[in-house]
Amino acid sequence: MNATETKIDKSAKTAGIVLTVAEVLCIILMATLIIITGAFGVIFTAAGDLGFSETVGSDDVIADFTSLTPDGTEYSASTLMAILASAVVSAEIYLGLILAILIISNRFFEETRKALTPFITENAKRIRIIAGLVLIASVVPTFIDWIGSAILMLPLDFSTISIEGIIIAVIIYCIGILFEHGCELQKEADETL
């Protein structure tokens with residue numbers, strides 16, 4: 001290995017470690033969210049709507065929640081659980097997309113370490129896939145809010161379409177196209193040597 005290849009190997013190894021830690025943290029966050037939601041579900045089921053309403057429907061909790069709603073509407077305990085479920089589904093899908101991006105990014109660096117160059121066809125494809133996932137992550141939470149609003153017949157405005165995310169997705173996609181060109185140049189350089 002020459003000096004450049006050693007630097008590529010070291011950088012890819014470091015990035016792989018960082019991405020693996022981020023993947024583990026994302027999985028822990030997703031599991032925690034599922035456990036907390038499950039606990040709420042068990043409490044709701046065990047106490048029933050009336051028992052749960054006495055806890056969640058207390059004046060303090062309702063006052064806190066209604067202060068967040070634009071029109072000050074009070075919601076039943078089952079409606080609060082449905083709103084919570086909608087937010088959890090949105091968060092889980094979003095975290096799932098982030099986890100997919102981390103896994104694909106980790107594979108990018110694994111292949112870079114093996115090939116000792118980032119300019120391989122699979123990596124160009126991975127970059128375009130990451131761009132697609134970023135684009136989906138930019139709009140999915142809003143669509144889930146819309147679906148939840150239609151089902152519950154309540155305005156759920158927890159998220160908006162991320163214009164920044166869409167722009168970042170386009171930039172990442174363009175980098176993927178540049179990587180394809182870099183792959184062609186890498187092949188030419190390899191054939192020349």
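This report covers charge pairs, cysteines and surface patches in one protein model. The model is predicted.

**Salt bridges**

Side chains of opposite charge can pair when their charged atoms come close. How many salt bridges does a search of the whole structure find? The search finds three. The table gives each pair with its N to O distance.

| Negative residue | Positive residue | Closest N and O atoms |
|---|---|---|
| Asp9 | Arg113 | 2.9 Å |
| Glu111 | Lys114 | 3.7 Å |
| Glu180 | Arg128 | 2.2 Å |

Start with Asp9 and Arg113, which form a salt bridge. Asp9 sits in helix α1 (residues 3-56) and Arg113 in helix α3 (residues 77-115), so this pair ties together parts that are 104 residues apart in sequence. Is Asp9 buried or exposed? Asp9 counts as buried, because its relative accessibility is 18% and the cut-off for buried is under 20%. Its partner Arg113 counts as partly exposed, at 34% relative accessibility.

Next come Glu111 and Lys114. Both lie in helix α3. They are three residues apart, about one turn of the helix. Glu111 is partly exposed, with a relative accessibility of 22%. Lys114 counts as exposed, at 65%.

The last pair is Arg128 and Glu180, whose side chains meet in a salt bridge. Which parts does this pair tie together? Arg128 belongs to helix α4 (residues 121-152) and Glu180 to helix α5, so the pair links parts that are 52 residues apart in sequence. Arg128 counts as partly exposed, at 23% relative accessibility. Glu180 is partly exposed too, at 33%.

**Cysteines**

A disulfide is a covalent bond between the sulfur atoms of two cysteines. How many disulfides does a search of the whole structure find? The search finds zero. Two cysteines can still be described by their cover. Cys26 has a relative accessibility of 6%, so Cys26 counts as buried. Cys183 is buried, with a relative accessible area of 6%.

**A negative patch**

Now turn to the surface. Glu184, Glu188, Asp190 and Glu191 form a negative surface patch. Take Glu188 as one of its members. Where is Glu188 found? Glu188 lies in helix α5, which covers residues 163-192. Its relative accessible area is 49%, so Glu188 is partly exposed. The cut-off for exposed is over 50%.

**A nonpolar patch**

Another surface patch is nonpolar. Its members are Phe143, Trp146, Ile161, Ile163, Ile167, Ile171 and Ile175. Together they have about 660 Å² of accessible area. Helices α4 and α5 each supply at least two residues of this patch. Which helix gives the most? Helix α5 does, with four residues.

Ile163 is one of the patch residues. Ile163 has its place in helix α5. At 52% relative accessibility, Ile163 counts as exposed, because the cut-off for exposed is over 50%.

**Drawing it together**

Helix α5 comes up several times. Glu180 of α5 pairs with Arg128 of α4, so these two helices are tied by a salt bridge. Both helices also supply residues to the nonpolar patch. Glu188, from the negative patch, is found in α5 as well. Helix α3 holds both partners of the Glu111 and Lys114 pair. The same helix α3 holds Arg113, the partner of Asp9 in helix α1.

Terms used. Residues are numbered from 1 along each chain as its sequence is written. This is a predicted model: local features need pLDDT of at least 70, side-chain atom pairs count only at pLDDT 80 or more; totals for chains, interfaces and linings use all residues. Side-chain values use heavy atoms; hydrogens and water are left out. Patches are made of residues with over 30% relative accessible area and no salt bridge: like charges are joined within 9 Å, nonpolar side chains (Val, Leu, Ile, Met, Phe, Trp, Tyr) within 5 Å. Accessible areas come from the Shrake-Rupley method with a 1.4 Å probe; for residues, only the protein chains shown count as cover. A salt bridge is a side-chain nitrogen of Lys or Arg within 4 Å of a carboxyl oxygen of Asp or Glu. Lys and Arg count as positive and Asp and Glu as negative; His and the chain ends are not counted. The place of a charge is taken as NZ of Lys, CZ of Arg, CG of Asp or CD of Glu. Buried means under 20% relative accessible area, exposed over 50%, partly exposed in between (1.4 Å probe, protein chains only). A disulfide is a pair of cysteine sulfur atoms within 2.5 Å.
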